Every structure is written in C-alpha cells, then in structure tokens.
Amino acid sequence: MRLRHLFEDNAKTAVIGWGRLNPPTIGHTVLVDAIKAKAKQYGGDPMLFLSMTQSPFLTPKGKTTKHFKTANIKNPLDWKTKLKYAQTFYKIPISTDPGLNTIMSVMKYLETKGYEKVVLVAGSDRVKEFETQILPYNNTPDQSGNVNFNIKEVSVEEGGFRDEEATDASGMSASKMREAAAQGDFESFKQGVPDQSVAQRMFDDVRRGLGFEHQDESLDEYEVKQQKPKIEVLNNIAARKDGTAFPLSWNAGKGEIKVGGKMYVDP
C-alpha cells in the first residue's frame, strides 16, 4: 500500500444537481459545468436529476378558460419534454427514472447505490435553501420514526454565482425564459437556449405549456379558433376592432412532410 492511500478519501462519491429546469437554460449550463468540475475534484460521479413538477393549464371553476397571465404557470414543460431538452444540452448523466421525483427520493436512491458521500451543487441563491431541506434529515428519524436516508457525508456547495441583473449566463433564469415566451419575444428567449438549433421548438413548447393553444373566444370576443376553415378565420381576423395581429399556425397532414410554423396577420 502506498502512503497516499492512507490519506485519500476513497468514499464512493456522487456530485449531483437537482432542479426544475423549466425550461433548461444557459444558466443551467453553468451549474452542470460546476457539477462536472467538482466531480473531478472529489473523484466522484456527476449526475443531474430533474423534478417532476409541472403546472398544467387548468380551467378555473365557472370559466371556460384562463389567460396565461393569471394562470401563474411556473412549470410549463412536462418532465419528459424538459428531459429531452436537457439531454440535448448537457453532457452529463441525467436520471431517466420518473420515480426519483423528490430530493428525498434521490438521496435514498444514492444511499441504496452505495454512495457514502454526496455533494449537492446549487446556484449561489439556493445553497441555504438546500441546506435546510436536506442536511437536517440525514440519518434523522421523522415523526413516525422513519429515517429518510442515511449517508455518511452530505454537503451543499455553490456551483456558480447568480446575478439577476447580469446579461450573461449568470443572469439567465428559467423565469426570464418563461416571461419572454409569454410575451412572444423569441429573440430574447433564444438567447437563453444552449442549442440554437432547437430554440424555436422549445419556444413553441413553452408557449404551449403556458396555455396559448388552449385559448378560445371566451377570452376575447375577437379571438378565433383556428380549427375553422382558414378563409373563415381570415374573415374573422379582418373584423377585429382592436387592431391586434393574430397568430396563424400550420402543419402538414398525413402522408406529407411534417412542417410547422406561425405567422401573424394584421386585421
């Protein structure tokens, strides 16, 4: 045995990230890079886990539908959709197990896999939050006497400084992306997308999750369902009194090349 082996930490180590990533952004790229760097530092296994949280577009009682601005939708993408984007953007092992849907279930999973040390990497704005959510529950019985998880060493470390006022990756957030999508501002939205080749697709997915495809005439007396024949839709658009441009979308039918897009038509 070499002398260095007596002093090296040989505990099986996992360096992980956990979050909503709804949607994934260049800001999360900073976090992923920090996870990989710390995994190399500790000789551990880098991993990323995504929460299952989604805010479905729900119709409030007594109303036909609800506008995104009052729906308070913070998680427009479902788990499978954001997993697909995360796998495209980030070169890191990402959990595909929908059963790992809470941070406690993740910690228990790591325990069963034999990890003796877990380092949770988080943005500077969330370190304290994770410390209070995780550290007090390691090897500590709950009110029923059950131990959530038992890992020899658990820590939370900062993985990049968050600055909401910054214009680079450190200032990019999922909330800014959702707001840009809600405003139909694709130019701002795409600045936060790690892979520009899927920016338009993700923009459309986020807008869909925000409820834009669920709206009908009950929201606005001039709004038009696009399931109607296009000529009828165009006639209704022309009759609008508010002068607002109306979006038209198209998609090829069966047996044709799948294409899609959107254009805005002024009354």
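This passage walks through the fold of one protein, from its overall make-up to its sheet, its cores and a few unusual backbone spots.

The model described here is predicted. Its secondary structure comes to nine helices and six strands. Of the 267 residues in the protein, 40% are buried. The exposed surface amounts to about 15,200 Å², and carbon and sulfur atoms supply 50% of that area. When contacts with a separation of 6 or more are considered, 63% of them join residues 24 or more positions apart.

A good place to start looking is the sheet. Four strands make up this open sheet, in the order E2-E1-E3-E4, and their pairing is parallel. At the edges stand E2 and strand E4 (153-158), each of which pairs on one side only. On average, neighbouring strands of the sheet are turned by 25° against each other, with direction ignored. The parallel strands E3 and E4 are joined by six bridges, and Val-121 stands opposite Glu-157 in E4. Helix H4 (residues 103-112) packs on this sheet, where it touches strand E1 (13-19), E2, E3 and E4. The direction of H4 makes about 165° with that of E1.

Next comes the interior. The largest nonpolar core holds 34 residues, and those that touch the most other members are Leu-48, Leu-50, Tyr-90, Phe-189 and Met-202. Several elements give two or more residues to this core: helix H1 (26-42), strand E2 (45-50), helix H3 (79-89), strand E3 (117-122), helix H6 (174-182) and helix H8 (199-209). Apart from it lies another core, of 21 residues, with Phe-49, Ile-103, Val-118 and Val-156 among them.

Met-202 deserves a closer look. Leaving aside residues up to four places away in sequence, Met-202 touches Pro-23, Pro-24, Tyr-85, Phe-89, Met-177, Phe-189 and Val-193. Met-202 is also one of the buried residues of H8, together with Ala-199, Phe-203, Asp-205, Val-206, Arg-207 and Gly-209. An α-helix has 3.6 residues a turn, so residues three or four places apart point the same way. With that in mind, the reader can trace Ala-199, Met-202, Phe-203 and Val-206, all of them buried, along H8. Just after H8, Gly-211 takes a positive phi of about 100°.

The backbone holds some further points of interest. Most residues other than glycine have a negative phi, and most peptide bonds are trans. Against this background, the loop between E1 and H1 is worth following step by step. Leu-21 lies in this loop, and its phi is near 45°, a positive value in a residue other than glycine. A cis peptide bond then joins Asn-22 and Pro-23, with omega at about 5°. Pro-23 has its place in the loop between E1 and H1, and Pro-23 is also one of the residues that Met-202 touches.

Asn-139 offers a second case of positive phi in a residue other than glycine, with a value near 55°. This residue is found in the loop between helix H5 (127-134) and E4. Are these two residues, Leu-21 and Asn-139, buried or partly exposed? Leu-21 has a relative accessibility of 5%, so Leu-21 counts as buried, the cut-off being under 20%. Asn-139, with a relative accessible area of 46%, is partly exposed.

Technical notes:
Residues numbered from 1 in each chain as written. Predicted model: local features only at pLDDT ≥ 70, side-chain atom pairs only at ≥ 80, totals over all residues. Heavy atoms only, no water. Core = buried A, V, L, I, M, F, W, Y, C linked by side-chain atoms within 4.5 Å. Buried < 20%, exposed > 50% of the residue type's maximum accessible area, 1.4 Å probe, protein only. Contact = heavy atoms within 4.5 Å. Areas by Shrake-Rupley, 256 points an atom, 1.4 Å probe, with all protein chains shown as cover. Pairing = 2+ DSSP bridges. Axes fitted to C-alpha atoms, helices over the stretch in contact; angles between N-to-C directions.
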